[in-house]
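Work through the exercises below with the coordinates open. Each task is followed by a stepwise solution.

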Amino acid sequence: MRHFLMINQNKIEVLQQGGSGIPIITLTGMGCSFDEWYEVTETLSKSNRVIMFHRPGLGESEIHNENRNTQAVVNEVNEMIHLLKLCEPILLVGHSYGGLCVQHFVKAHPKKVAGIVLVDSTSVDLKVLDDLDLPALNDGATDEFWMKKCHAYSRMEKEELKEVITPALSEKQKRLPYDIQQLLLDFQINPSLYKAMYKEISNWKRDGEIIKNLVEYPDIPLIVLSRDLEHCIRLGLMEGLPEWELRLFEEKWQELVRNQVNLTSKGKLIIAQGSSHSIHMDRPDVIVQSIREMTSVLN
């Protein structure tokens with residue numbers, strides 16, 4: 001069921017499915033729609049209450065001139081828990097940038113979280129990636145480049161944006177139901193999406209430092225999912241990128257993800273074989289199995 005909640009003066013688009021079991025709240029990556037998680041939510045909703053939402057600017061969620069950082073997401077999740085009357089501790093899942101937000105939330109509200117699943121999550125130490133010498137990978141991929149592009153996109157009308165970016169679906173997205181495909185295409189040509197991304201990129205390295213300096217993590221169950229290093233290198237080689245750069249970046253990313261296992265004494269690492277960063281699209285079965293494993297522990 002899709003509906004809207006008023007959270008901090010913004011109309012926020014929420015997806016809820018299922019009605020029993022431990023509530024699962026999933027935070028998507030930067031610039032990602034919760035509709036990409038269709039296979040995961042359809043499966044998990046048979047046994048659990050699954051909740052996702054579009055952060056301000058994403059999908060049909062409103063965005064105004066507020067600052068967009070992980071603290072803002074923490075406040076939104078906390079208010080959503082209150083509005084949905086979720087009385088028991090939740091299972092919190094976060095992919096990529098959403099994982100960074102999860103790491104912030106669990107430190108800010110430790111008693112509200114029963115367990116965590118981090119899906120190839122952004123690290124609080126993400127700024128160390130800037131220290132790598134990656135001339136080919138960084139060509140058109142730095143924060144500054146994306147902020148400039150997002151700022152320009154955010155000022156366009158939908159039709160103009162549609163012509164500039166030519167919205168498209170991946171081969172795996174094309175296997176999703178037709179109505180979901182259309183939502184994903186529309187998602188890409190919303191100028192507000194790029195306004196949100198601009199603000200999130202502007203703050204995420206500072207956010208990482210803030211999160212590191214907060215209190216210790218509660219000692220709760222944690223599963224860390226990581227993409228397949230060799231698979232990602234093969235994908236990069238197919239795009240003509242140099243192997244030495246790909247390997248340097250992927251090894252550092254893996255190191256940062258593996259370090260997250262030590263956030264609690266109950267951490268576990270799972271490698272999603274054959275998966276890129278988009279584990280929810282490449283290996284939704286691994287995410288489903290990991291969440292089911294976590295719910296069985298919590299029960």
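A surface patch here joins like charges within 9 Å, taken from residues with over 30% relative accessible area and no salt bridge. Asp and Glu count as negative. The model is a predicted one.

**Exercise 1. Charge patch**

Find which residues gather in a patch of negative charge on the surface.

Solution.
- Step 1. Collect the members: Glu 157, Glu 159, Glu 160 and Glu 163 form the negative patch.
- Step 2. Place one of them. Glu 159 sits in helix H5, residues 158-165.
- Step 3. Check its exposure. The relative accessible area of Glu 159 is 56%. The cut-off for exposed is over 50%, so Glu 159 is exposed.

**Exercise 2. Disulfides**

Determine how many disulfides the model has.

Solution.
- Step 1. Apply the cut-off: two cysteine sulfur atoms must lie within 2.5 Å.
- Step 2. Count. The result is zero disulfides.
- Step 3. Check Cys 101. The nearest cysteine sulfur belongs to Cys 32, 12 Å away. Cys 101 is buried, at 1% relative accessibility.
- Step 4. Check Cys 232. Its nearest cysteine sulfur is also that of Cys 32, here at 14 Å. Cys 232 is buried too, with a relative accessible area of 10%.

**Exercise 3. Salt bridges across the chain**

State which elements hold Glu 13 and Arg 2, and what links Lys 205 to Asp 130.

Solution.
- Step 1. Start from the total: the structure holds 18 salt bridges.
- Step 2. Take Glu 13 and Arg 2. Their side chains form a salt bridge at 3.4 Å, N to O. Glu 13 is in strand E2 (residues 10-17) and Arg 2 in strand E1 (residues 2-7), 11 residues apart.
- Step 3. Compare accessibility. Glu 13 is buried at 7%, while Arg 2 is partly exposed at 36%.
- Step 4. Take Lys 205 and Asp 130. The link is a salt bridge, with the closest N and O atoms 2.3 Å apart. Lys 205 lies in helix H7 (residues 191-212), and Asp 130 in the loop between strand E6 (113-119) and helix H4 (143-154), so the pair ties together parts 75 residues apart in sequence. Lys 205 is partly exposed, at 22%.

**Exercise 4. A pair and a network**

Classify Lys 174 and Glu 171 as buried, partly exposed or exposed. Then name the residues joined into one network by salt bridges that share partners.

Solution.
- Step 1. Lys 174 and Glu 171 meet in a salt bridge of 3.2 Å, N to O.
- Step 2. Lys 174 is partly exposed at 44%. Glu 171 is exposed at 55%.
- Step 3. The network joins Asp 125, Lys 127, Glu 209 and Lys 212.

Conventions: Residues numbered from 1 in each chain as written. Predicted model: local features only at pLDDT ≥ 70, side-chain atom pairs only at ≥ 80, totals over all residues. Heavy atoms only, no water. Patch = residues over 30% accessible without salt bridge, like charges linked within 9 Å, V, L, I, M, F, W, Y side chains within 5 Å. Areas by Shrake-Rupley, 256 points an atom, 1.4 Å probe, with all protein chains shown as cover. Salt bridge = Lys/Arg side-chain N within 4 Å of Asp/Glu carboxyl O. Charge placed at Lys NZ, Arg CZ, Asp CG, Glu CD. Helix = DSSP H or I, 4+ residues; strand = E, 2+ residues; numbered from the N terminus. Buried < 20%, exposed > 50% of the residue type's maximum accessible area, 1.4 Å probe, protein only.
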